[in-house]
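Visitor: Mind walking me through this one? I'd like to start with the ligand and then move on to the packing.

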Amino acid sequence: MENSYISYKNYMDSKFLDKYGPWAIVTGASSGIGVEYARQLAAKGLHLVLVARRKQLLDQLATELSEQYKINCKTVEADLSADGFQQDILDATQDLEVGLLVNNAGMNCEGHFYRGSLERNLQMIQLNVKAPFVLAYEYGKQFAGRGKGGIIFTSSISAFNAHPYLSHYAATKAYILSLAESMNYEFKDKNVDVIALCPGMTKSEMTKGMKDGPMLMEAAPVVETVLDNIGKEAYVVPGILNKTQVFLNSRILNRSGATSLSGAILKKMLPGANKKKK
Ligand SMILES: NC(=O)c1ccc[n+]([C@@H]2O[C@H](COP(=O)([O-])OP(=O)(O)OC[C@H]3O[C@@H](n4cnc5c(N)ncnc54)[C@H](OP(=O)(O)O)[C@@H]3O)[C@@H](O)[C@H]2O)c1
């Protein structure tokens with residue numbers, strides 16, 4: 001795998017390592033934004049527990065990063081949408097001092113609300129909502145007991161207002177943003193930092209096939225933004241265009257105006273929103 005972008009800020013960061021090391025868990029580390037989290041954390045000197053379903057991709061990344069950055073990597077094959085998924089991760093980390101949890105794995109469901117499959121939508125609740133909550137609960141308790149650590153959630157800019165044609169996905173991300181902001185407040189006196197990353201469109205498997213353009217960010221600066229801001233902010237929106245969009249939708253327009261604007265844009269953009277009713 002190509003090491004595309006590691007900025008000088010990411011090399012061996014002893015302050016970051018002291019606060020959030022020695023081990024970090026990254027869920028959804030087999031592709032997209034998760035691979036970039038793994039790379040940038042490895043460059044900072046953290047040992048990694050990489051979690052996803054595609055073990056072969058995790059193992060390849062683990063080999064590459066452990067050779068390149070002289071860190072240790074463990075891989076855990078887990079379906080985070082399955083009940084009880086957390087046991088394998090807890091078992092794999094029971095002898096490790098985990099200081100950072102990156103709740104990144106996620107999926108989307110787009111198109112008309114009533115045309116998507118119920119099964120896929122329920123799987124999305126398990127993956128986007130239940131799994132990050134369960135891991136934050138388990139590791140948040142450990143970090144609070146130890147008096148240090150960090151939790152990063154991957155939300156989305158769609159969390160800030162309603163998004164017709166992406167309605168259920170945006171609702172899962174709104175849950176995550178709300179949870180992260182409240183946890184950020186509650187965990188402050190335990191010296192545990194909590195932050196939500198709220199990306200707009202970012203190059204990954206999720207956006208494969210989307211037209212390249214200024215709205216589609218590379219994963220590297222997206223991840224760098226959150227690693228620079230953990231301990232400072234409760235949430236962060238990477239990129240000036242995404243920041244402008246959030247400002248417009250949450251500060252300039254009222255809620256129904258923001259819903260209408262997002263609905264009109266997504267109706268044009270998403271193939272699933274345009275299918276004629278059968
Ligand atoms: N890309 C964007 O435009 C964008 C924008 C805003 C927010 N986000 C959020 O960013 C996060 C990362 O997504 P991405 O864009 O990097 O997409 P991606 O390339 O599709 O990556 C998704 C990751 O989640 C893992 N995953 C999916 N289902 C899983 C399951 N049931 N159990 C365990 N792992 C599972 C995948 O691994 P396996 O398939 O190997 O299990 C993969 O590693 C998600 O939470 C997404 O909602 C993305």
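Visitor: How far does a backbone N or O atom of Glu205 lie from an oxygen atom of the ligand?

Guide: Keep in mind that this is a predicted model. A polar contact needs a pair of N or O atoms within 3.5 Å. Glu205 offers a backbone N or O atom, and its distance to a ligand oxygen is 3.0 Å.

Visitor: And how much of the ligand does the protein bury?

Guide: Start with the ligand taken alone, which exposes 870 Å². Of that area, the protein buries 94%.

Visitor: Which residue puts a polar side-chain atom 2.7 Å from an oxygen atom of the ligand?

Guide: Look among the residues that come nearest of the 30 around the ligand: Ser30, Arg53, Arg54, Tyr169 and Ser204. Thr202 also has an atom 2.8 Å from a ligand oxygen, but that one is a backbone N or O. The polar side-chain atom at 2.7 Å belongs to Tyr169.

Visitor: Which elements give two or more residues to the shell around the ligand?

Guide: By class, that shell has 11 nonpolar, 14 polar and 5 charged residues. The elements giving it two or more residues are helix 2 (32-43) and helix 6 (167-187).

Visitor: On to the packing: where does the largest share of the largest nonpolar core come from?

Guide: That core has 48 residues, and Leu80, Ile89, Tyr139 and Phe153 touch the most other members. Strand 1 (23-27), helix 4 (86-92) and strand 5 (149-154) are among the elements that supply at least two residues each. The largest share, 8 residues, comes from helix 5.

How values were computed:
Residues numbered from 1 in each chain as written. Predicted model: local features only at pLDDT ≥ 70, side-chain atom pairs only at ≥ 80, totals over all residues. Heavy atoms only, no water. Near = heavy atom within 4 Å. Polar contact = N/O pair within 3.5 Å; in protein donor to acceptor, adjacent residues only side chain to side chain. Areas by Shrake-Rupley, 256 points an atom, 1.4 Å probe, with all protein chains shown as cover. Helix = DSSP H or I, 4+ residues; strand = E, 2+ residues; numbered from the N terminus. Nonpolar A, V, L, I, M, F, W, Y, C, P; charged D, E, K, R; others polar. Core = buried A, V, L, I, M, F, W, Y, C linked by side-chain atoms within 4.5 Å. Buried < 20%, exposed > 50% of the residue type's maximum accessible area, 1.4 Å probe, protein only.
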